[in-house]
Amino acid sequence: MSLDRPEAVERVEEIVATVEDETMPVPVREVWVYGDVALGLDPVERLDVYVTKDILFKDAPERAEEFQRSHGVDGVGKTVRAAWADEHPEYIRANANGHAAPEKCLAAHLLNDDEPVHLEVCNASFEDNVTQRLKGAKMRNDYEQILDPRGACLWLDGERSPDAFQKLRDNEFVFPTLTQSLSMLGMDETAAGDAADAVKEYRAQQEGATVRGDVV
């Protein structure tokens, strides 16, 4: 399953509009797209979206026990907003330990299960996380989870980019190959080629909507 390019761009606009107009489980600071849609490919085999979230420090911790009793999930009012859970109880998701998982809650709210969309969720900005993920991948010699650095910021601190959506529609973003991009970030050419192949192979194995949460 893939998306025609106009359909992929429209889907991104829907995701941004949802972030703008609806209560999210956690505060969202940035929305980026990267990979196929930013490169202008048609069709878009997978739509890659990156969301920078803020960590909740104060919400409604006194309501955590209430949601634990009603939904069997810990941490509502602590790691995800209680007001969001009131509005969207069907989107409450937990990790393997039974605690509310912000990235899974965001994915449930923003994505449909069967669409070819990947959501990356992190507390760090896209550019910072590109660097951190690459550093970790090189240390482990494991390149599958490298974050493709070829991205475009569409929404930042409550404001849409004045021209990014139009550039996306008109296919005006110009990026090097993934191998070249990784070389520009400090990888030697051979390792960059191996890393690019690993990223492509990993992405090709993914089906339906997927989500990855990260903390930097």
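This is a short walk through one protein structure, from the overall fold to one helix and then to a group of aromatic rings. Please keep in mind that the model is predicted.

I will start with the whole chain. The protein contains nine helices and six strands. Its radius of gyration is 18 Å, and the globule rule gives 17 Å for 216 residues, so the protein is as compact as a globular protein of that length. Measuring along the principal axes is the other way to put it: the C-alpha trace spans about 55 × 40 × 30 Å.

How much of the protein counts as buried? Of the 216 residues, 49% do. The contacts also reach across the sequence: among those between residues at least 6 apart, 68% join residues at least 24 apart.

On the outside, the accessible surface comes to about 10800 Å², and carbon and sulfur atoms account for 45% of that. As for charge, there are 44 negative side chains and 23 positive ones. The centres of these two sets lie 5 Å apart.

Now to one helix, α5, which covers residues 102–110. Seven of its nine residues are buried, so the helix is largely enclosed by the rest of the structure. The buried ones are Pro 102, Cys 105, Leu 106, Ala 107, Ala 108, His 109 and Leu 110. What do they pack against? Two helices are on the list, α1 (5–21) and α4 (82–87), along with the strands β1 (28–34), β2 (47–53), β3 (117–122) and β6 (210–214).

Last, the aromatic rings. A search of the whole structure finds four aromatic pairs. In one of them, Trp 32 and Phe 126, the ring centres are 4.6 Å apart and the planes meet at 25°, so this pair is stacked. Trp 32 sits in strand β1 and Phe 126 in helix α6 (residues 126–140), so the pair ties together parts of the chain that are 94 residues apart in sequence. Both Trp 32 and Phe 126 are buried.

Phe 126 also pairs with Tyr 50. Here the centres are 5.2 Å apart and the planes are at 80°, so the arrangement is edge-to-face. This pair too links distant parts of the chain, with Tyr 50 in strand β2 and Phe 126 in helix α6, 76 residues apart. Tyr 50 is buried, like Phe 126.

Which residues do the ring pairs link into a cluster? They are Trp 32, Tyr 34, Tyr 50 and Phe 126. That is where I will stop.

Conventions: Residues numbered from 1 in each chain as written. Predicted model: local features only at pLDDT ≥ 70, side-chain atom pairs only at ≥ 80, totals over all residues. Heavy atoms only, no water. Helix = DSSP H or I, 4+ residues; strand = E, 2+ residues; numbered from the N terminus. Rg over C-alpha atoms; globule rule 2.2 N^0.38 Å. Buried < 20%, exposed > 50% of the residue type's maximum accessible area, 1.4 Å probe, protein only. Contact = heavy atoms within 4.5 Å. Areas by Shrake-Rupley, 256 points an atom, 1.4 Å probe, with all protein chains shown as cover. Lys, Arg positive; Asp, Glu negative; His and termini not counted. Charge placed at Lys NZ, Arg CZ, Asp CG, Glu CD. Phe/Tyr/Trp six-rings, centres within 6.5 Å; stacked < 30°, edge-to-face > 60°.
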